[in-house]
Amino acid sequence: MVGPDSPSPVSPPATPIRIFDTTLRDGEQSPGASLNLKEKLEIARVLEQLGVDIIEAGFPITSQGDFDSVSAIASELTASTVAGLARCTEKDVRRAGEAVKHAKFGRVHVFCATSKIHREFKLKKAKEEIIRMTRDNVQLARSYVSDVEFSPEDASRTELDYLAEVVHAAIEAGATTINCPDTVGFTTPAEYRAMFEYLIKHVPGADKVIFSTHCHNDLGLAVANSLAGVQGGARQVECTINGIGERAGNASLEEIVMAIKTRHDVYPFSTRINSKKLVPASRLVSSLTGLHVQRNKAIVGENAFAHESGIHQDGMLKHKSTYEIMTPSDVGWAQSVNVLGKHSGRHAYKTRLEELGYRLTEEELAIAFERFKTLCDKKKEIYDEDIEAIIEDQLESAEQLFRLKNLQVVAGTNGIPTATVTLLDSTGEPVTDAATGDGPIDAMFAVIQRITHISAKLVNYEVRSVTEGKDAQGEATVELLHSERKIRGRGVSTDILEASAKAYLAAINRIRTLQKKTVSQATPM
Ligand SMILES: [Zn+2]
């Protein structure tokens, strides 16, 4: 093992690897993880600061909301390339092309299923037909942008000779990146590496394009497969923050980056990622999607650097590299510090927000600062987590249709729990109602359903504290089931009943927004 303190005599030359982050597209397909425009924009900003080369911002044809998010992100970012996904059809490609046309660096990402099983059962198309579609749509995409990525979906289960034919057609039509996804998480490292070696050796023009990996984690091999793909010649890795994504998720960005950085002796590659921003990015994505990171998750899990065992602790005290191959600060773990308080001014607050990676408009800053001051009155010590919680709560409620105006709950051992709630609807009109329930939370949720006329089944409800201490802010997360979709919502307050009501309302508002979605996202890639 090579630790941080080990001398590295001669560093091999580093070949650059492009990091393509699809947290906002493939990651957002995690059940319940749907994000609103403000949240997507905030994540995109953080990804750009992190050093991500290409950000896949969405799938523009699926809804007006997705189109608007891709378009907004494309218009704002100046360092990262912004990509929009499209199926292999004219309508999809045109929509994606329109969405990224204002980008400084825009990319259209076209995909088409190529494996036998997908050809026969999903597309019901012959081999020649798929090649023709690939050619036409890659060409069409090139009429919008010069940067076009093509993905033969389910590449790892496609017959190699046929895969080579499709890839060749895409290159001839003008694709500049060829991504070969392991769509169902089925491949193994040796197999995946061999696939790239075969394509690079046999496809004419392969030396003029960048090959890319895209791995799913169904067998827990996504990161290992991605790295094997890189060893086989791929120079772009598609991944997500915290490895979120459909089913078992995608390859995790932080694991890929740190494996390359820590084992440079084996992987003589480099990325543009600033690893010290990994943990803040992980926390942001986790809060906004409501998908908590498991404690023992590599790099960004709460226990990733905790040494409980006595033997390890002893070794650590004598010399850090005995058991530590990276340091917590390498990846952005910092001690929570009490940096702000009652007497902090607007300038200090703004500076801290910028240090944490947030960029707010003057108007948003004014609201956030107001809430910060209110919190200072309720809570003695303010931590970074508190500041983040306020901002994320504000982002969550950006697309509010209903807002919580007033809440009164009566509960006790002998009475019937009753909740009285006043909501403001989208026009600002107050609506008040009351309901009883099995408990105070149940009563509160029942009355919100009654006012909003949206009924949904509560499938999960959690409350946790954002920081330590009895005056800590509580974060409530709810998961609702509505029309066979899981929808999450979160709310933050020093009062957990209020946090719960806000979380429930956030989920209801999201259901209302989602009802406008037009095309279902049918498991692409
Ligand atoms: Zn995928």
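Helices are DSSP runs of H or I with at least four residues, numbered from the N terminus. With that in hand, let's work through some exercises on this predicted model.

**Exercise 1. Find which helix holds E364, decide whether E364 is buried or exposed, and list what E364 touches.**

Solution.
- Step 1: look up the position. E364 belongs to helix α13, which covers residues 362–378.
- Step 2: compare the accessibility with the cut-off. Buried means under 20% relative accessible area. E364 has 16% relative accessibility, so E364 counts as buried.
- Step 3: collect the contacts. Not counting residues up to four places away in sequence, E364 touches K38, R359 and Q394.

**Exercise 2. Describe the overall build of the chain: how many helices and strands are there, and what is the radius of gyration?**

Solution.
- Step 1: count the elements. There are 16 helices and 16 strands in the chain.
- Step 2: take the dimensions. The C-alpha trace spans about 75 × 60 × 40 Å along its principal axes.
- Step 3: set the radius of gyration against the globule rule. A compact globule with 525 residues would have a radius of gyration near 24 Å, and the chain agrees because its value is 24 Å.
- Step 4: add burial and contact range. Of the 525 residues in the chain, 53% are buried. Among contacts between residues at least 6 apart in sequence, 68% join residues at least 24 apart.

**Exercise 3. Work out how helix α9 is covered, and by what.**

Solution.
- Step 1: count the buried positions. Helix α9 runs over residues 253–262, and 8 of its 10 residues are buried, which leaves the helix mostly covered.
- Step 2: name them. The buried residues of α9 are L253, E254, I256, V257, M258, A259, I260 and T262.
- Step 3: identify the cover. It includes the strands β2 (18–21), β9 (236–239) and β10 (269–270), along with the helices α1 (37–50), α8 (222–231) and α10 (278–289).
- Step 4: zoom in on one residue. Leaving aside neighbours within four places in sequence, L253 is in contact with I19, D21, L50, V52, C239, T240, I241 and L278.

**Exercise 4. Find which residues touch the most other members of the largest nonpolar core, and which helix gives this core its largest share.**

Solution.
- Step 1: pick out the best-connected members. The largest nonpolar core has 108 residues, and L50, F150, I178, F211, L253 and Y349 touch the most other members.
- Step 2: trace the origin. Helix α6 (residues 160–173) supplies the largest share of this core, 9 residues.
- Step 3: look beyond this core. Another core of 26 residues lies apart from it, with A419, A435, I451 and V478 among its members.

**Exercise 5. Classify the ring pairs Y192–F196 and F445–Y461.**

Solution.
- Step 1: recall what to compare. A pair of aromatic rings is described by the distance of the centres and the angle of the planes.
- Step 2: start from the total. The structure holds 8 aromatic pairs. For Y192 and F196, the ring centres are 5.0 Å apart and the planes stand at 85°, so this pair is edge-to-face.
- Step 3: place this pair. Y192 and F196 are separated by about one helical turn, because they are 4 residues apart in helix α7 (residues 189–202). Both Y192 and F196 are buried.
- Step 4: turn to the second pair. The rings of F445 and Y461 have centres 5.9 Å apart and planes at 85°, so they too are edge-to-face. This pair links distant parts of the chain, with F445 in helix α15 (residues 440–452) and Y461 in strand β14 (residues 457–465), 16 residues apart.
- Step 5: compare the burial of the two partners. F445 is buried at 5% relative accessible area, whereas Y461 is partly exposed at 28%.
- Step 6: extend the picture. Ring pairs link Y192, F196 and F211 into a cluster. Elsewhere, the charged end of R95 sits over the ring of F67, 3.9 Å from its centre.

**Exercise 6. Locate the acidic residues E39 and D26, and find the side-chain partner in a polar contact with each.**

Solution.
- Step 1: take E39. E39 lies in helix α1 and counts as buried at 0% relative accessibility. The side chains of E39 and R510 are joined by a polar contact of 3.2 Å.
- Step 2: take D26. D26 sits in the loop between β2 and α1 and is buried, with a relative accessible area of 0%. A polar contact of 2.9 Å joins the D26 side chain to that of N250.

Conventions:
Residues are numbered from 1 along each chain as its sequence is written. This is a predicted model: local features need pLDDT of at least 70, side-chain atom pairs count only at pLDDT 80 or more; totals for chains, interfaces and linings use all residues. Side-chain values use heavy atoms; hydrogens and water are left out. Buried means under 20% relative accessible area, exposed over 50%, partly exposed in between (1.4 Å probe, protein chains only). Helices (H or I, at least four residues) and strands (E, at least two) are DSSP runs, numbered from the N terminus. Contact means heavy atoms within 4.5 Å. Rings of Phe, Tyr and Trp (its six-membered ring) pair if their centres lie within 6.5 Å; planes under 30 degrees apart count as stacked, over 60 as edge-to-face and the rest as tilted. A charge sits over a ring if NZ of Lys or CZ of Arg is within 6 Å of the ring centre and within 35 degrees of the ring normal. A nonpolar core is a set of buried Ala, Val, Leu, Ile, Met, Phe, Trp, Tyr and Cys residues joined through side-chain atoms within 4.5 Å. A polar contact is a pair of N or O atoms within 3.5 Å; within protein, one must be able to donate a hydrogen and the other to accept it, and residues adjacent in sequence count only if both atoms are side-chain atoms. The radius of gyration is taken over C-alpha atoms; the globule rule is 2.2 Å times the number of residues to the power 0.38.
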